[in-house]
Structures are given as structure tokens and as C-alpha cells.
Amino acid sequence: MSLFPAGVGYERLARATFENWRELEQETGRDLLTITGSIHAGPADADLFTEARRSVETHDIDHEALTGTEVNERFPGYDIPADHRAVYQPDGGFVDCEQTVIAHVEAAHAEEATIRARERVLDWHETGDGVRVKTDKSRYEADDVVLRRGAIPHSHSGFPESSTRR
């Protein structure tokens, strides 16, 4: 599990996220999370190294503290200066973003959700028994809604960072 930075509640969220990726993989039959190990490296006194080390130590995450030379010997693709330090986490990895979007849509469809895409949300508000959404294509009423602004940066979207009504 790759953790950075150390923060209140972040460790619990990271652990749950790994479990949730594996659960979504089982539900959809898609490979989403690839464990490769991760390395956070930098000058010995730099925040990148010290914060990563503090995080894994605070949360009892499996890791090794390595010198730049040790990283280079063990992982030949790296060329880290000898005086740098690194935190290696064997459980670190990455998520295939495109496949996770597909998997989430498939899982939502399996729960009979309706996905609307490529529609600009013009307005939305709660009603007594749900929510009403007006887009540039239509109007919708639903018990629950999750609105995502897509690739538009938050500062340009006119919406809060996350708009959800459940």
C-alpha cells in the first residue's frame, strides 16, 4: 500500500481503496490495480523522503528505507544519486484509470443506475423525495444523483469540488 503524505484518516482511506479496487475487479472481471512496488526518493533531508518514511512508520506499512546506491543496484532502471534516500513499498502500485471508469459504469449499470454523459448540467436542486436535474439536453428526476464535472477544472466548472446527493 502506497501512502503519502501521513495524514489523519488517510491510511484508513488507502487501505479501504485497495480493498475496493479488488472488489470492483471481482465484480467486473477487469484488471484495475497493478502492484509493482513504489519508491519515494529524494535528498535525505527533503520532505519527499522524510514525509514518506514518517507516513509508513506511523501507519505500520511494510517498507524499506534505502540509499540511492541501494535503489540503483536493486532496480537497474533507476539512477538516483548516492546521497539520496528512498522509501520502497512492496505493495505500491498503480490503477488503470480508463479501465476503472469502464468498471464503475458497468457496476452502476448492474445496479440499474442510469448514466448520462456529454450533457452540460445547467441546474439541479433537491425536491421533497429526490433531486431534479436540468441539462442542456433534458430534465431528469431521480431518488439519488451523482454529478461529476468531467475533465473541466474545478475553477471553471461552476460546481463544488464534488456534487453529490444520496
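How many helices and strands are there in the protein? There are five helices and 10 strands, where helices (H or I, at least four residues) and strands (E, at least two) are DSSP runs numbered from the N terminus. The model is a predicted one, so local features need pLDDT of at least 70 and side-chain atom pairs count only at pLDDT 80 or more, while totals for chains, interfaces and linings use all residues. Residues are numbered from 1 along each chain as its sequence is written, and side-chain values use heavy atoms, with hydrogens and water left out.

On to the overall picture. Of the 166 residues in the protein, 28% are buried; buried means under 20% relative accessible area, exposed means over 50%, and partly exposed is in between (1.4 Å probe, protein chains only). About 11200 Å² of the protein is exposed, and 48% of that comes from carbon and sulfur atoms. These accessible areas come from the Shrake-Rupley method with a 1.4 Å probe, and for residues only the protein chains shown count as cover. Among contacts with a separation of 6 or more, 50% are between residues 24 or more positions apart, a contact being heavy atoms within 4.5 Å.

Helix α2 takes up residues 47-58. At 1.5 Å a residue its 12 residues should span 16 Å, and its end C-alpha atoms, 15 Å apart, agree with that; the expected span is 1.5 Å times one less than the number of residues in the helix. Phe49, Glu51, Ala52, Ser55 and Val56 are the buried residues of α2. What covers them includes strands β2 and β4 (84-89). Just past α2 comes Asp60, with a positive phi of about 55°.

Ala41 sits in β2 (residues 38-43), one of the strands that help cover α2. With a relative accessible area of 24%, Ala41 is partly exposed. Leaving out neighbours within four places in sequence, Ala41 is in contact with Leu48, Ile80, Arg85 and Ala86. Val87 is 46 residues from Ala41 in sequence, yet their C-alpha atoms are 6.4 Å apart in space.

Helix α4 (residues 97-110) also fits its expected length: 14 residues at 1.5 Å each should span 20 Å, and the end C-alpha atoms are 20 Å apart. Which residues of α4 are buried? They are Thr100, Ala103 and Ala107. Seen down the axis of α4, these buried residues fall within an arc of 60°, so they line one face of the helix; the arc is that of the directions from the helix axis to the C-beta atoms. An α-helix has 3.6 residues a turn, so residues three or four places apart point the same way. The face of α4 turned away from the buried side carries exposed Glu98 and Val101. Val101 has a relative accessible area of 53%, and its C-alpha atom is 9.8 Å from that of Leu32, which is 69 residues away along the chain. At the start of α4, a side-chain oxygen of Asp96 comes to within 3.3 Å of the backbone nitrogen of Glu98.

After α4 comes a loop that leads to β6 (121-127) and holds Glu112. Most residues other than glycine have a negative phi, and most peptide bonds are trans. Glu112, though not a glycine, has a positive phi of about 70°. Arg118 is in the loop between α4 and β6 too, and its phi is also positive, near 60°. Both residues are exposed, Glu112 with a relative accessible area of 74% and Arg118 at 77%.

Further along, β7 and β8 (residues 139-142) run antiparallel and are joined by four bridges; two strands pair if DSSP finds at least two bridges between them. A hairpin of three residues links β7 to β8, and Lys134 stands opposite Arg139 in β8. Thr135 lies in β7 (residues 130-135). Is Thr135 buried or exposed? Thr135 is buried, with a relative accessible area of 7%. Not counting residues up to four places away in sequence, Thr135 touches Glu119, Arg120, Val121, Leu122 and Tyr140. With Glu119, the side chain of Thr135 makes a polar contact of 2.6 Å. A polar contact is a pair of N or O atoms within 3.5 Å; within protein, one must be able to donate a hydrogen and the other to accept it, and residues adjacent in sequence count only if both atoms are side-chain atoms.
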